[in-house]
Amino acid sequence: MAKNVVVNGSRRNFLRSAALLAALPLVARAAHPPGGVQLKIATIGAGRIGGTLGSLWVKAGHPVMFSSRHPEELKGLVEGLGPLAHAGTVEEAIAFGDVVLLAVPYRAMPQIGKDFARPLATKVLVLDATNPFPGRDGEIATWARGKGAALASAELLPGVRLVRAFNAIGAGRLPEFSQRPGERTGMPMAGDDANAIAVASLLVREIGLEPVLIGPLAMGRHLIPGSPLAGERTPDEIRKIAATLK
Ligand SMILES: NC(=O)c1ccc[n+]([C@@H]2O[C@H](COP(=O)([O-])OP(=O)(O)OC[C@H]3O[C@@H](n4cnc5c(N)ncnc54)[C@H](OP(=O)(O)O)[C@@H]3O)[C@@H](O)[C@H]2O)c1
């Protein structure tokens, strides 16, 4: 089980990860997930990226609550996924999850921070898949790009254990990775909290990708569509590119 959450292969991280998984508040030993650990996951946003990732984690054996401002519209999605899938309001999903995925247009982030930063700060991991696009999201996106999207999210969500990941790979490609033979495609990630990174790594591996930590959360400014790290690359390619970035 614990071997699935080693981030860089070091024994120190292995032990830290094992300790983390033992300490998770709602981790049940489960037969189904390949990692042997069942995590309750909440998605804030259940569109292309939130709906896809949540579905893949349900298929990996995790209970997932999908949320949006219109949870009644998620009925078809959850019925198709079976008993591990649930739909709720954003508040209900945050109460449900040990892990939360942020998958909303960036313009929603200030309100989410204002309403939910405190409960989100109690979570083991908040995965930030959001991207700021000024044309779509307005002035908040211009501000976030200037600051770097990862640090901008951290400012909007004080105290939250953020890991930035899944930002620059098309949602439509994600279901393929677990079926693909050969070397895994890498998933660049950035974060500051070792435990959060370990849990994120487990969730990345479970959908057939290989986590590659490119550095602390500040490096998450490079995890955005159009950056040199965007798209599909091997773990080695990601490491080489990341080494050239500041
Ligand atoms: N699509 C991709 O391939 C992809 C890949 C990587 C990253 N991203 C990033 O992920 C984010 C979501 O993209 P997407 O393509 O999944 O968008 P999408 O398909 O339009 O889905 C957005 C989701 O967010 C919900 N939402 C919007 N405002 C909300 C709010 N204030 N509170 C709670 N939920 C809210 C929407 O539901 P309601 O309207 O019902 O509330 C919907 O479920 C964006 O920041 C995007 O840049 C997308």
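How many Å separate an oxygen atom of the ligand from a polar backbone atom of Ala 129? The separation is 3.4 Å. With the ligand in place, the protein covers 81% of the 890 Å² of accessible area that the ligand has on its own. The model discussed here is a predicted one, and the ligand is a convenient place from which to begin reading it.

Two further residues approach the ligand through their backbones. A backbone N or O atom of Ala 46 is found 2.8 Å from an oxygen atom of the ligand. For Ile 49, a polar backbone atom and an oxygen atom of the ligand are 2.9 Å apart. In total, 23 residues surround the ligand, and the closest of them are Ala 46, Arg 69, His 70, Val 104 and Ala 171. Ala 46 therefore appears both among the closest residues and as a partner in a backbone approach under the 3.5 Å limit for a polar contact. The space that the ligand takes up is the largest pocket.

The protein as a whole may now be considered. It contains 10 helices and 10 strands, and its chain has 246 residues, of which 57% are buried. Among contacts with a separation of 6 or more, 66% join residues that are 24 or more positions apart. The accessible surface of the protein amounts to about 10800 Å², and carbon and sulfur atoms account for 54% of that surface.

Individual positions in strands illustrate such long-range pairing. Val 99 belongs to strand S6, which comprises residues 99–102. Val 99 counts as buried because its relative accessible area is 1%, and the limit for a buried residue is under 20%. Beyond its neighbours up to four places away in sequence, Val 99 touches Leu 39, Lys 40, Ile 41, Ala 42, Leu 125, Val 199 and Leu 203. One of these, Lys 40, is 59 residues from Val 99 in sequence, yet the two C-alpha atoms are 6.4 Å apart in space.

Gly 215 is located in strand S10, residues 210–215. Its relative accessible area is 16%, so Gly 215 is buried. Outside the range of four places in sequence, Gly 215 is in touch with Met 189, Ala 190 and Gly 191. Gly 215 and Ala 242 are 27 residues apart along the sequence, with 8.5 Å between their C-alpha atoms.

The loops deserve equal attention. Asn 131 occupies the loop between strand S7 (125–128) and helix H6 (134–137). Is Asn 131 buried or exposed? Asn 131 is buried, because its relative accessible area is 8%. The side chain of Asn 131 reaches the backbone oxygen of Asn 167 at a distance of 2.7 Å. Apart from neighbours within four places in sequence, Asn 131 is in contact with Tyr 106, Arg 136, Asp 137, Arg 164, Asn 167, Leu 223, Ile 224 and Pro 225.

A little further along, Gly 138 lies in the loop between H6 and helix H7 (139–147). Gly 138 has a relative accessible area of 27% and is therefore partly exposed. The C-alpha atoms of Gly 138 and Arg 107 are 7.0 Å apart, while 31 residues separate the two along the chain.

The loop between S8 and S9 holds two further residues of interest. Phe 166 is placed there, and its relative accessible area of 1% makes this residue buried. Phe 166 also has a positive phi of about 65 degrees, although it is not a glycine. Most residues other than glycine have a negative phi.

Thr 185 is situated in the loop between strand S8 (162–164) and strand S9 (186–191). Thr 185 counts as buried because its relative accessibility is 9%. Its side chain forms a polar contact of 3.2 Å with the side chain of Arg 180. Setting aside residues up to four places away in sequence, Thr 185 touches Phe 177, Arg 180, Leu 209, Glu 210, Glu 232, Arg 233 and Pro 235. Arg 180 thus appears in that list of touching residues as well as in the polar contact between side chains.

Note on methods. Residues are numbered from 1 along each chain as its sequence is written. This is a predicted model: local features need pLDDT of at least 70, side-chain atom pairs count only at pLDDT 80 or more; totals for chains, interfaces and linings use all residues. Side-chain values use heavy atoms; hydrogens and water are left out. Helices (H or I, at least four residues) and strands (E, at least two) are DSSP runs, numbered from the N terminus. Buried means under 20% relative accessible area, exposed over 50%, partly exposed in between (1.4 Å probe, protein chains only). Contact means heavy atoms within 4.5 Å. Accessible areas come from the Shrake-Rupley method with a 1.4 Å probe; for residues, only the protein chains shown count as cover. A residue is near a molecule or strand if one of its heavy atoms lies within 4 Å of it. A polar contact is a pair of N or O atoms within 3.5 Å; within protein, one must be able to donate a hydrogen and the other to accept it, and residues adjacent in sequence count only if both atoms are side-chain atoms. On a 1 Å grid over the protein atoms alone, a cavity is a set of points where a 1.4 Å probe fits but cannot get out, and a pocket is an open set with protein on both sides within 12 Å along at least five of seven lines; lining residues have an atom within 4 Å of a point. A molecule sits in a cavity or pocket if more than half of its atoms lie within 2 Å of its grid points.
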